[in-house]
Amino acid sequence: MSAETDTQTTTVYRVTGMTCGHCEGAVTSEISALPGVTSVKAVAASGEVTVVSAAPLADEDVRAAVDEAGYEFTGRA
């Protein structure tokens, strides 16, 4: 899922392997470091990560950030 406004894009991604708040924090930290990202909300219970950015992000960049955190990027929700 992806939605664009005049200034921001919101995209929901699926990430597997998150089980707790620490997991959410690790994923949030890595994705937040990507250029243009203004907000990240990871929810372990649903495996969804909502990202708000100045422009659409490349899936490969998000996948690399999630991999760096130690979890598996499975695509967009």
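Ser 39 stands opposite Val 52 in strand S4, and that register is a good place to start our tour. This is a predicted model, in which local features need pLDDT of at least 70, side-chain atom pairs count only at pLDDT 80 or more, and totals for chains, interfaces and linings use all residues. Residues are numbered from 1 along each chain as its sequence is written, and side-chain values use heavy atoms, with hydrogens and water left out.

**The strands**

Strand S3 (residues 37-43) is joined to S4 by 6 bridges, and the two run antiparallel. Here, two strands pair if DSSP finds at least two bridges between them. Helices (H or I, at least four residues) and strands (E, at least two) are DSSP runs, numbered from the N terminus. The hairpin of S3 and S4 has 4 residues between the strands, and in it Gly 47 takes a positive phi near 75°.

On to strand S2, which has antiparallel pairings with S4 and with S5. The table sets these pairings beside that of S3 with S4.

| Strand pair | Sense | Bridges |
|---|---|---|
| S3 (residues 37-43) and S4 | antiparallel | 6 bridges |
| S2 (residues 9-16) and S4 (residues 48-53) | antiparallel | 6 bridges |
| S2 and S5 (residues 72-76) | antiparallel | 4 bridges |

Within these pairings, Thr 9 of S2 stands opposite Ser 53 in S4, while Arg 14 faces Gly 75 in S5.

**Ser 53 and Gln 8**

Ser 53 lies in strand S4. At 2% relative accessibility, Ser 53 counts as buried (buried means under 20% relative accessible area, exposed over 50%, partly exposed in between, with a 1.4 Å probe and protein chains only). Leaving aside neighbours within four places in sequence, Ser 53 is in contact (heavy atoms within 4.5 Å) with Thr 7, Gln 8, Thr 9, Gly 36, Val 37 and Thr 38. From C-alpha to C-alpha, Ser 53 and Val 12 are 11 Å apart, with their positions 41 residues apart in sequence.

Gln 8, one of those contacts, sits in the loop between strand S1 (2-4) and S2. Gln 8 is partly exposed, with a relative accessible area of 33%. The C-alpha atoms of Gln 8 and Gly 21 are 26 Å apart, though the two residues are 13 apart in sequence.

**An aromatic pair**

A search of the whole structure finds 1 aromatic pair. Tyr 13 and Phe 73 form this tilted pair, at 5.7 Å centre to centre and with 50° between the planes. Tyr 13 lies in strand S2 and Phe 73 in strand S5, so the pair ties together parts that are 60 residues apart in sequence. Both Tyr 13 and Phe 73 are buried. For the terms, rings of Phe, Tyr and Trp (its six-membered ring) pair if their centres lie within 6.5 Å; planes under 30 degrees apart count as stacked, over 60 as edge-to-face and the rest as tilted.

**The helices**

The axes of helix H1 (residues 21-32) and helix H2 (residues 59-69) come within 8 Å and cross at roughly 140°. Axes are lines fitted to C-alpha atoms, for helices over the stretch in contact, and angles run from 0 to 180 degrees between N-to-C directions. H1 and H2 are therefore oblique to each other (under 35 degrees is roughly parallel, over 145 roughly antiparallel, 65 to 115 roughly perpendicular and the rest oblique). The contact is made by Ala 26, Val 27, Glu 30 and Ile 31 of H1 and Val 62, Ala 65, Val 66, Glu 68 and Ala 69 of H2.

Ser 32 also belongs to H1 and is partly exposed, with a relative accessible area of 35%. Not counting residues up to four places away in sequence, Ser 32 touches Val 37 and Val 40.
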